[in-house]
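Visitor: I've got a model to look over, and I'd like a quick chat about it. Can we go through it piece by piece?

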Amino acid sequence: MSSSASTLSDIRSRIDQLDQAIIELLARRQSAVDDIAAVKEEKNDDIRDPDRECELMDRLRDIARDNDLAPGLVEDLYASIIEHSVERQKNRRTSSRSSHLRKVG
């Protein structure tokens, strides 16, 4: 095996480890979203908070720039993450209401 193939293999292994860490962090983030959903549901707050979303995107774009990443890439990724979080919260509320109606009915 040539040294460039070994180096490529090593780099790919490092990427695989980073991908696993990213997914594990996304799972932890999702758990925090579930906690937020519970608090919002208790307070009967709206699922979406446009001000918070704007603040988040501004902060993430700054972090991207500080780390020499394209802010648009980070914005696109987080737009998808936020949409998934919103859907997860909506599903939680629907499920919670259905469960409540079954208990009452």
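Visitor: What does the secondary structure of the protein come to?
Guide: Keep in mind that this is a predicted model. Going along the sequence, you read the pattern α-α-α. So in DSSP runs, the tally is 3 helices and 0 strands.

Visitor: How much of the protein counts as buried?
Guide: Buried here is under 20% relative accessible area. Apply that to the 105 residues of the protein, and the share that passes is 15%.

Visitor: Which element gives the most residues to the largest nonpolar core?
Guide: That core has 8 residues: Ile-47, Leu-56, Met-57, Leu-60, Ala-64, Val-74, Ile-82 and Val-86. Two elements supply two or more of them, helix H2 (50–66) and helix H3 (71–104). With 4 residues, the top contributor is H2.

Visitor: Which residues does Ala-64 touch, leaving out those up to four places away in sequence?
Guide: Ala-64 is one of the core residues. A touch takes heavy atoms within 4.5 Å. With the sequence neighbours set aside, the partners of Ala-64 are Leu-69, Ala-70, Pro-71 and Val-74.

Visitor: Which residues make the nonpolar surface patch of about 270 Å²?
Guide: For the wider picture, the accessible surface of the protein is about 8,300 Å², with 51% belonging to carbon and sulfur atoms. One residue of the patch, Leu-18, sits in helix H1 (residues 3–43). The full set is Leu-18, Ile-22 and Leu-26.

Visitor: What share of the contacts between residues at least 6 apart joins residues at least 24 apart?
Guide: Both separations are counted along the sequence. Of the contacts at least 6 apart, the share reaching at least 24 is 71%.

Conventions
Residues numbered from 1 in each chain as written. Predicted model: local features only at pLDDT ≥ 70, side-chain atom pairs only at ≥ 80, totals over all residues. Heavy atoms only, no water. Buried < 20%, exposed > 50% of the residue type's maximum accessible area, 1.4 Å probe, protein only. Areas by Shrake-Rupley, 256 points an atom, 1.4 Å probe, with all protein chains shown as cover. Core = buried A, V, L, I, M, F, W, Y, C linked by side-chain atoms within 4.5 Å. Patch = residues over 30% accessible without salt bridge, like charges linked within 9 Å, V, L, I, M, F, W, Y side chains within 5 Å. Salt bridge = Lys/Arg side-chain N within 4 Å of Asp/Glu carboxyl O.
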